[in-house]
Structure formats: C-alpha cells, structure tokens
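Hi,

Here is the structure I promised to pass on to you. Have a look at it first, and then read on for what I found in it.

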Amino acid sequence: MNIIISNSGNLPIYEQITNQIKDMIMRGELRGGEALPSMRALAKDLHISVITTKRAYEELERSGFIHTVVGRGSFVSDANTEVMKEEQYRKIEETLTEGVRLAKQSGISCEELQEILRMVYEED
C-alpha cells in the first residue's frame, strides 16, 4: 500500500491516510476482505505515531470502509462499493448545491462556475 504524507498540506496526517485508503478502495485497488497493514506497521512505514494511524483506521471503520477483528487486524469491508460511491455522490451534490447557491447570489454565470470547477478539479 503506497501512502504519501505531506507535512506542508492543510490536512491533518490522519485525514491524508483516511482519504488515500478510501480512494484505493473506491478505485478497486483494495478489495473487500483484503487485510490492511497493522496500525503499528503502517505507523512505522510512514514514520508517524501509532495514535495517528489508529485515528485514521477508526475513521475508516466509522464510515464503513473497513472493519476490525480483535486479534486479527483490519480488513476492507465487503460492503458494496456502489453504495459507498452513492454516498460520495450525495455529499458532492450537497457541496455543489451550496456552491451554486453562492454563485447565483454573487452573479456568477453557469459558464464561469463550470470554469471554476474545471480549474479546481484539475488543480491536483
């Protein structure tokens, strides 16, 4: 598992880990039932605190991406990735709805808003 940590970014390290693992699951790079590295092993590989990896794994478990079996480790959930993807779509739609509302209030046209979205999307 290839996770890249940025110390210069705005996101806390645990969120960077969480986001990257979620992305790997959504893209099918990590499949249902697949074991994740132990919290200690991941912390050692990334040169970070075990507390940070524990927080990332807890967040992943809370959002249904992984499950943990005491004494065995953490595994990618067998949950349908389509259900997870639908949840992501819902969150994106909520965020975009708020952006459209702000754009309309500010007199920004649909074309201008699309250009902003394109620039933001291609930024990374």
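The buried residues of helix α2 are L42, A43 and L46. Looking down the axis of α2, these buried residues fall within an arc of 100 degrees, so they line one face of the helix. As background, an α-helix has 3.6 residues a turn, so residues three or four places apart point the same way. The face of α2 turned away from that buried side carries R40, K44 and D45, which are exposed. Please keep in mind throughout that this is a predicted model.

What covers the buried residues of α2? The cover includes α1, residues 13-26, and α3. I went through the packing of α3 with each of these two helices, starting with α2.

Helix α2 spans residues 39-46 and α3 spans residues 50-62; they pack at an angle of about 120 degrees, and their axes are 8 Å apart. An angle over 115 degrees but not over 145 falls outside the perpendicular and antiparallel ranges, which makes α2 oblique to α3. The crossing of α2 past α3 is right-handed. On the α2 side the contact is made by M39, R40, L42 and A43, and on the α3 side by V50, T53, K54 and Y57. Sorted by class, this contact has five nonpolar residues, one polar residue and two charged ones. Note that L42 and A43 turn up twice here: they are buried in α2, and they meet α3. R40 also touches α3, although R40 is listed among the exposed residues on the face turned away from the buried side.

Now for the other partner. Helices α1 and α3 pack at an angle of about 45 degrees, with 8 Å between their axes. That angle makes α1 oblique to α3, and α1 passes α3 in a right-handed crossing. From α1, the residues I13, Y14, I17, T18, I21 and K22 take part, and they meet T52, T53, R55, A56, Y57, E59 and L60 of α3. The residues of this contact divide into seven nonpolar, three polar and three charged. In α3, T53 and Y57 are worth finding in your viewer: they are in the contact with α2 and also in the contact with α1.

Which residue just after α2 takes a positive phi? That is H47, with a value of about 60 degrees, and H47 is a residue other than glycine. H47 sits in the loop between α2 and α3. Its relative accessibility is 72%, so H47 counts as exposed, the cut-off being over 50%.

Two further residues, from other helices, complete my notes. L117 belongs to helix α5, residues 110-123. With a relative accessibility of 47%, L117 counts as partly exposed. Between L117 and L96 there are 9.5 Å from C-alpha to C-alpha, and the two are 21 residues apart in sequence.

K104 is found in helix α4, which covers residues 81-105. Is K104 buried or exposed? K104 is exposed, with a relative accessible area of 65%. The C-alpha atoms of K104 and L11 are separated by 29 Å, and the two residues are 93 apart along the chain.

Happy to talk any of this through when you have had a look.

Best wishes

Methods. Residues numbered from 1 in each chain as written. Predicted model: local features only at pLDDT ≥ 70, side-chain atom pairs only at ≥ 80, totals over all residues. Heavy atoms only, no water. Axes fitted to C-alpha atoms, helices over the stretch in contact; angles between N-to-C directions. Helix = DSSP H or I, 4+ residues; strand = E, 2+ residues; numbered from the N terminus. Parallel < 35°, antiparallel > 145°, perpendicular 65-115°, else oblique. Left-handed = near helix turned anticlockwise from the far one by under 90°. Contact = heavy atoms within 4.5 Å. Nonpolar A, V, L, I, M, F, W, Y, C, P; charged D, E, K, R; others polar. Buried < 20%, exposed > 50% of the residue type's maximum accessible area, 1.4 Å probe, protein only. Arc of directions from axis to C-beta.
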